[in-house]
Amino acid sequence: MITIKISVRNLVEFVLRHGDLQPGSIGTSRTLDGIKAHQYIQKISGADYVPEVSLSYVYSSLETQKGWGHGQLRGENLCLEIKGRADGIIMKECGPCIDEIKTTSIDLELIYESFSDLHWAQAQCYAFMYAVQEGLETMETQLTYVQLDTTLTKKFSRSFSRAELSEFFFNLVERYLSWASQLQEWAMTRDDSIRTMNFPFKTYRLGQRDLAVAVYQTIKKSQTLFAQAPTGIGKTMGTLFPALKAMAGELTVQIFYLTAKTITRTVAEKTLMDLQKQGLEIKRLTLTAKRKLCFLPETSCRPEDCQFARGYYDRVRGAVEDVFGEGSWTRQVIEEYARKHTVCPFEFSLEMANWADVVICDYNYVFDPRVYLRRFFQEGGECTFLVDEAHNLVDRARDMFSAELGKESWLNLKGLTKEVDSRLTKSLTKVNSALVKEKKFCTDVEGRGESVEKGLPIKLIQALRHFIKETEYFLKTNDQQFPWSEQLLEHYFQALSFTRTADSYNERYVTYKSFTRDDFKIKLFCLDPSVRLKEALGRGRSAVLFSATLSPMDYFMRVLGGEKTSYKLRLASPFPRENLCLLINDRISTKYKQRSATHDQVAESISATILDKKGNYLVYFPSYDYMHKVYLRFREQNQQVDLICQSSDMAEEERENFLERFSHNPKQTLVGFVLMGGIFGEGIDLIGDRLSGAIVVGVGLPQVCREREIIRSYYETTSHQGFEFAYMYPGMNKVLQAVGRVIRSEKDRGVVLLIDERFGQSSYRKLFPEEWTNVFYGRTINSILSTIRNFWNN
């Protein structure tokens with residue numbers, strides 16, 4: 001017998017939710033404030049109040065529910081375990097009362113007894129479970145609405161007999177049962193296919209089996225693994241294959257494959273597709289950004305304007321059941337069925353994530369507090385996170401956990417609303433006034449137009465909370481569309497992001513204020529994302545963070561939320577070391593102040609690297625300006641060479657065309673000038689003679705700026721490694737990624753020239769991978785020429 005688990009909330013929403021799709025999270029409670037409000041109500045409710053009571057009910061298809069007016073369920077060998085946690089049980093003299101607490105940021109005057117059928121349904125489910133558990137014939141239920149800004153409450157009560165509760169509950173489950181039976185049948189089919197699935201290749205690559213075993217054990221032990229898996233090990237298959245095996249072993253219920261870039265998402269899709277061709281049966285979903293999926297990009301998301309939002313919940317269940325027959329829920333499939341059933345394609349894809357076995361998506365769906373999938377993780381998950389190219393998560397996490405406002409747009413919105421709604425305009429005036437005050441004191445000790453503070457801008461946050469409340473009231477009471485309606489929504493979500501970030505503000509944050517050319521900015525800047533990443537990873541059962549360049553390991557474990565008990569794995573490159581010819585020219589300084597004197601030297605070194613072997617080459621630079629100046633010198637010296645240069649705003653099609661130029665069996669030498677750490681700095685796969693070598697100019701240090709210096713200061717204080725954490729380690733990661741483009745298979749051979757005096761220093765050399773054992777010094781043009789000629793001739 002298979003047990004299908006579902007929470008009370010998810011059961012209620014799946015069966016009973018109806019009506020329109022509302023944009024974003026208007027009117028929903030702020031997470032931290034909501035928790036505090038729950039705790040406040042529970043605390044002041046007296047000794048007769050029992051908080052947070054776990055309740056469950058197992059509904060079996062093999063038993064007859066005697067005494068409840070219901071016969072045996074359809075479907076054999078099926079158990080539904082419905083569980084949840086009642087906010088509180090009030091022990092009254094007349095009998096126990098289930099208290100369901102709901103927090104809201106809208107005015108209580110807008111809330112009435114039948115405000116939400118879903119809220120009453122949850123309370124009734126808990127009342128039924130408690131009545132069965134305690135053998136009670138009647139139960140009272142209470143909905144307690146708490147206004148977040150005032151902590152005022154509004155309560156409604158209803159009483160039910162046990163017969164009424166059982167009829168409601170069993171009717172709810174019966175309506176879910178056909179879907180549950182389909183899920184059960186699918187789970188058996190899926191697990192059977194996984195158990196019989198063999199590794200798709202004749203042998204494991206060197207290190208790949210070690211990775212697979214480590215991933216399986218990590219999931220089994222509910223742990224976190226940090227794995228450095230160099231190029232060629234086959235890390236995508238090495239992580240997905242054992243994770244699927246763990247799923248069939250009931251060690252995880254769902255796999256999230258998280259990526260930072262489109263190219264790694266495509267590799268994960270292809271890996272699963274290959275397994276499906278060999279007999280694997282799974283439901284896989286790829287989540288696509290809302291802006292790419294939207295059918296009506298020029299229309300607002302309000303149901304009054306969008307046909308795909310209007311009546312969304314009346315149609316989405318039919319769409320879910322219809323698309324479930326497909327094995328791969330790609331963007332194209334999601335769009336096809338969304339049009340067929342007239343539902344918002346983005347929200348439909350999020351709904352399908354509930355039922356997918358593997359979800360391939362961007363980092364933000366798990367980590368970003370503004371958009372992460374709360375429907376999965378608010379009650380604790382049994383899923384596994386596979387975090388690909390985890391070195392990218394450091395800067396992404398800082399962005400996700402920070403929040404920024406610019407003053408001028410708030411002033412502009414205030415002017416647009418003043419003729420329509422005085423309450424809304426007054427709230428905008430308060431925000432603008434608070435920003436003006438912050439602006440007045442934006443000067444540091446050296447007189448620059450910027451400041452760094454360790455406290456929150458309290459008055460601004462209070463003004464933003466008031467604006468949120470007034471905006472929600474305006475949107476709930478006004479259906480009219482205005483030219484500035486979209487701007488209002490944008491600022492509403494900005495305010496939500498800023499206040500939610502303020503809720504998590506601690507010693508790992510600073511408040512950074514600065515002037516741009518035409519605006520004043522204030523930012524709650526997350527310097528150390530480790531704690532919040534740890535919290536996010538804790539929403540799942542286990543996590544594997546892996547990359548070819550997760551080095552230094554201790555650095556990444558610290559900033560990405562690792563613990564002393566976390567597992568770590570370092571694997572050696574599977575490729576023959578003699579296939580890479582690695583040279584260092586440490587006689588050229590590429591530091592910013594010396595760059596203008598090095599254009600000819602760098603151009604000559606590039607020429608020497610490509611001279612002896614007709615092929616395709618990439619040259620990586622630390623900035624567009626430096627790249628362009630060397631490009632002009634190199635072009636003058638090498639008329640016979642085909643050249644292409646990356647531009648700063650390349651569209652996706654232009655990127656693809658750029659890479660297509662790197663063809664097999666080139667008839668002429670091609671040299672591509674690109675930005676280190678940019679779109680061609682990682683994630684591209686130019687196998688064989690599509691790439692013969694790479695020249696890396698500089699050690700990749702991030703550009704010196706005020707924010708980098710703030711990060712440097714923080715880590716200097718906390719670990720005495722400010723320069724390393726802010727500049728050296730992120731920079732060398734770009735270098736390692738660039739070098740990793742050259743050898744992509746066991747048959748590849750190629751040359752790499754590293755140009756910078758710092759590559760000769762011990763502090764940088766200790767960051768070199770173990771496989772970089774045979775390093776040659778090409779300190780002159782002749783030594784570069786002779787070393788590379790010997791390599792190609794052997």
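## Two parallel sheets in a predicted model

Val619 stands opposite Ile695 in β23. This pair is a handy place to begin a tour of the model, which is a predicted one. Strand β20 and strand β23 (residues 693–697) run parallel and are joined by four bridges.

Both strands belong to an open sheet of seven strands, paired in parallel and ordered β21-β22-β20-β23-β24-β19-β25. The edges of this sheet are taken by β21 and β25 (775–777); each has a single partner strand, so one side of each is left without a neighbour in the sheet. From one strand to the next, the twist averages 20°.

Let's look at β22 and its two partners. Strand β20 (residues 616–621) pairs with β22 in the parallel sense over six bridges, and here Leu618 stands opposite Gly672. Strand β21 (residues 642–645) also pairs with β22 in the parallel sense, over four bridges, with Cys645 opposite Phe673. To get from β21 to β22, the chain passes through helix α23 (residues 652–660), making a right-handed β-α-β crossover.

Is β22 enclosed or not by the rest of the structure? Six of the six residues of β22 (residues 670–675) are buried, so the strand is largely enclosed by the rest of the structure. In a regular strand the side chains alternate between the two faces of the sheet. For β22, both faces are covered: one side carries Leu670, Gly672 and Val674, the other Val671, Phe673 and Leu675, and all are buried.

Now for the other sheet. It is open, has eight strands with parallel pairing, and follows the order β10-β9-β11-β8-β12-β17-β7-β18. At its edges stand β10 (328–329) and β18 (567–570), each with a single partner strand, so one side of each is left without a neighbour in the sheet. Strands β8 (residues 254–259) and β11 (residues 358–362) run parallel and are joined by five bridges; across this pairing, Phe256 stands opposite Val359 in β11. Helix α6 (residues 235–248) packs on the sheet, where the helix touches β8, β11, β12 (383–387) and β17 (542–547). The direction of α6 makes about 160° with that of β8.

Here are the strand pairings side by side:

| Strand pair | Sense | Bridges |
|---|---|---|
| β8 and β11 | parallel | five bridges |
| β20 and β22 | parallel | six bridges |
| β21 and β22 | parallel | four bridges |
| β20 and β23 | parallel | four bridges |

Note on methods. Residues numbered from 1 in each chain as written. Predicted model: local features only at pLDDT ≥ 70, side-chain atom pairs only at ≥ 80, totals over all residues. Heavy atoms only, no water. Pairing = 2+ DSSP bridges. Contact = heavy atoms within 4.5 Å. Axes fitted to C-alpha atoms, helices over the stretch in contact; angles between N-to-C directions. Buried < 20%, exposed > 50% of the residue type's maximum accessible area, 1.4 Å probe, protein only. Right-handed = clockwise from strand over helix to strand, strands pointing away.
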